Amino acid sequence: MQKQKNMKHGAAGLFFLFGLLFFVLICRFLYIQVTGTAGGEVLASKIEKKYERKQVLEAKRGSILDAKGEVIAEDTSSYILRAILSKKEPERVKDPEMTASKLAKYIDMDEQEIYERLTNNKEAYQVEFGSAGKDLSQVVKQKIEKLELPGITFGRTNKRFYPNGIFASHLIGYVEKDEKTGEMAGKFGIERYLNKELKETDGKLTFDSDSQGFLLPDAKEKVVAPDNGNDVMLTIDKKIQTFLEDSLSKVQAKYDPEQIIAIVSNPKTGEIVAMGQRPTFHPTTKVGLTDTWRNLAIEETFEPGSTMKAFTLAAAVEEGVFNPNDSFVAGTYKAGSGEIHDHSGIERGKSMTFLEGVQRSSNVAFATLAMDKIGADTFREYLTKFGFDNKTGIDLPNEITGKIQYKYKLEKVTTAFGQGSTVTPIQQIQAASAIANDGKMMRPYVIKSISDQDTGKVLKTTKPKVTGKPISAETAKQVRDYLETVISAKKGTGSKYAIEGYEVAGKTGTAQIAGPTGRYLEGKNNYVFSFLGMAPKDDPQLVMYVAVKQPKLGASYVGADPLSEIFNPVMQNSLQYLNIKPSDVKKQKANKIVDYTNQTESSAAKELKELGYDVSTIGSGRKVLDQSPKAGSSLLQGEKIILRTEGEMKVPDMKGWSLRDVMKLAKVAKLDLKTTGTGYVSKQNLEAGKKVKEGDSFNIELTQPKGATEDIPTNESTE
């Protein structure tokens, strides 16, 4: 009986327990049914996540275009190579050895490394091939697909493509993934400055699917459309930029300078049509890129040298104090407790006209104009009018401004010819636009317009802006006429910048470089050589500034050589490309020299002088035996030609001769030439009039008083 009673109690307990569990289960079911949640999560959301599929709809970053719509930077499709290894997938890599052998022909990875990737990751679902398997082109992808390799697939992505390589890379910049956000973003230049305008936003496609990932019947797709970035059109002209890049590369290879800076602008609008520098970098491969990279045209200041004299001249003409026929005494100018001197090509104590002072880049001439003719205070006002106190406002990041040192008398004097004070290349381009554009100074700019990539609708346009009128139209015309003689005059410092068929107005410059101790560096190569020119002179269509810092010049080269090898081809090709018709410029014409050997010296010299050449003869006979330059050479008017005749040879007085002219004489006389120093001849071991014979040693000393070959002062003391 007791046992039966205990069994009844046990059965009752179990019944109660199961009944309680059933009750709890029913309550839980009802709770889930009513609230739709379990474990704090919404079940509908869990189900949606399980069966919802998402697909990224890639957007395209805006393109960067040149002024005529040619692509400079754009997004293009690229592909990532992948290999499926999972045994659960029917289409997987089944023969790693064969697959590796065939893939090695199309990607930059050797066969053994590919094989190891395919066999050492057996637990992985899929593997990639590092940088070798990324950024593959459509052509490479198609070639690999034709192999029909099991398990080999591709992923698609957008890649920033720069079709012109190093083309204006310091201006354009580059794009890479931001480490913080994981998004692609501009890191330099226009790509960074206009990142918000260029930036794209990917869209997405969401839909409900079955377990295999296929769209369920009657399921609706949800689409968030991709938002493509806006296109940016620049003022850069691809053709002119190409002319510039080619010339920069040649000069870089030939002279290996520390830096080259070059800007070409339209002075009537302020548009920058070309901008280049060396060293440079490749925006795709990043070869050449450093952490200290900057756009030298707007982020570098330096003492400009004598290109600054163009603006001193303009101020003097505007003030009515420049009389080209007035004279001054060259050589030395007292500046407070200091002195400045002319370069060694100008004889001290020589009386010359102010126009000749402009042509020969006399520091004393410009010191006299600024301090004694214009007046120090008035001249300072012109520096402000020409924009040297402020940034230009060019639409590029990180622009800086130079500093006008104008406290002491010596600083005021040296500023007049480009030493002591500092400016930027872009400030000089803006200031030069006033001379080229009949007095109206134009703000430089590089962004022409921004437009919608999909519709083509223009969203923003940059309009030319006059930033000042420092001089009148008549003054601008007169200044251009005077600056043209710097190139065409017999002793002008700019003869190397003559361009056949076009009149060029411009100013040469050679500036000292301050060393780490604050003292100027010494040596032939330690200068910033520059040229600021415009053409055609009567109605300039282009202004160009080019500077070369510390080129490695050989014994027979001067600072103007690398500069002219950039300026001349770029300016001439650009003017012809713009259909600017050449004019008949007789005084700048380069004639081919005929053969004067076996003629009489008197008739040859007479003919050459009538053609405008500077003739020197070595030899006492009547018959011409040799000449330099040789027959067939092109020679600009005003240049020196050496005739060698029969009879005994006597050394001429070469004081003030250039090294190039000395080399001409040494060549035809067959003398053993040895030189020291740089600049112009100041001493010669053989006195003028002394007899020499072939093979004799001839030593000359060239002097360049703490400055450039044509225009650097010597400051003996300072205030």
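Strand E7 gives the second largest pocket the biggest share of its lining, namely 4 residues. That is a handy way into this structure, which is a predicted model. The pocket itself holds about 850 Å³ of space. Its lining runs to 26 residues, and the ones closest to the centre are Thr157, Asn158, Lys159, Lys177 and Met184. Besides E7 (152-161), strand E5 (71-84) and strand E8 (175-177) each chip in at least two lining residues. Sorted by class, the lining comes out as 14 charged, 6 polar and 6 nonpolar residues.

Next come the cavities. There are 2 of them with a volume of 30 Å³ or more. The largest cavity has about 50 Å³ of space, and its walls are built from Ile72, Tyr162, Asn164, Gly165, Phe167, Ser169, Ile172, Gly173 and Pro283. What classes do these lining residues fall into? They split into 5 nonpolar and 4 polar, with no charged ones.

The second largest cavity comes in at about 40 Å³. Ala310, Ile435, Leu483, Ala505, Gly506, Lys507, Leu532 and Met534 form its lining. Here the class count is 6 nonpolar, 1 polar and 1 charged. Strand E23 (505-512) and strand E24 (527-535) each provide at least two of the residues, and E23 takes the largest share with 3.

Those two strands also turn up in a sheet. Five strands make an open, antiparallel sheet in the order E14-E13-E25-E24-E23. At the edges sit E14 (272-278) and E23, each of which pairs on one side only. From one strand to the next, the twist averages 5 degrees. E23 and E24 are joined by 8 bridges in the antiparallel sense; to pick out one bridge, Gly509 is partnered by Ser530 in E24. Helix H17 (residues 473-488) packs on this sheet and touches E23 and E24, with its direction at about 65 degrees to that of E23. Helix H18 (residues 560-577) packs on the sheet too, touching strand E13 (259-265), E24 and strand E25 (542-549), and its direction makes about 160 degrees with that of E25.

Another open sheet has 3 strands in the order E27-E30-E28, and its pairing is mixed. The edge strands are E27 (614-618) and E28 (624-628), each pairing on one side only. In this sheet the twist averages 25 degrees between one strand and the next. E27 runs parallel to strand E30 (residues 640-645), and 5 bridges link the pair. One of the residues to look for is Val615, whose bridge partner in E30 is Ile641. Which helix packs on the sheet at about 175 degrees to E30? That is helix H19 (residues 601-610), which touches E27, E28 and E30. Helix H20 (residues 659-669) also lies across E27, E28 and E30, but runs at about 20 degrees to E30.

Strand E12 (residues 231-234) has pairings of both kinds. With strand E4 (residues 64-65) the pairing is parallel over 2 bridges, and Ile64 has Val232 of E12 as its bridge partner. With strand E20 (residues 447-451), E12 pairs in the antiparallel sense over 4 bridges, and Asp231 is matched with Ser451 in E20.

Helices pack against each other as well. Two packed helices are described by the angle between their axes and the distance between the axes. For helix H13 (residues 363-374) and helix H14 (residues 376-385), the axes come within 6 Å and cross at roughly 115 degrees. H13 puts Ala370, Met371 and Ile374 into the contact, while H14 brings Ala376, Thr378 and Phe379. By class, that contact has 5 nonpolar residues, 1 polar residue and no charged residues.

Finally, there are the aromatic rings, with a count of 13 aromatic pairs. One of them joins Phe311 and Phe386, whose ring centres are 5.3 Å apart and whose planes sit at 50 degrees, making the pair tilted. Why does this pair tie together separate parts of the chain? Phe311 belongs to helix H11 (residues 309-318), whereas Phe386 is in the loop between H14 and helix H15 (409-416), so the pair links parts that are 75 residues apart in sequence.

Conventions:
Residues are numbered from 1 along each chain as its sequence is written. This is a predicted model: local features need pLDDT of at least 70, side-chain atom pairs count only at pLDDT 80 or more; totals for chains, interfaces and linings use all residues. Side-chain values use heavy atoms; hydrogens and water are left out. On a 1 Å grid over the protein atoms alone, a cavity is a set of points where a 1.4 Å probe fits but cannot get out, and a pocket is an open set with protein on both sides within 12 Å along at least five of seven lines; lining residues have an atom within 4 Å of a point. Grid points are joined across faces, edges and corners, and a volume is the space filled by probe spheres set on the points. Ala, Val, Leu, Ile, Met, Phe, Trp, Tyr, Cys and Pro count as nonpolar, Asp, Glu, Lys and Arg as charged, and the others, Gly among them, as polar. Two strands pair if DSSP finds at least two bridges between them. Axes are lines fitted to C-alpha atoms, for helices over the stretch in contact, and angles run from 0 to 180 degrees between N-to-C directions. Contact means heavy atoms within 4.5 Å. Rings of Phe, Tyr and Trp (its six-membered ring) pair if their centres lie within 6.5 Å; planes under 30 degrees apart count as stacked, over 60 as edge-to-face and the rest as tilted.
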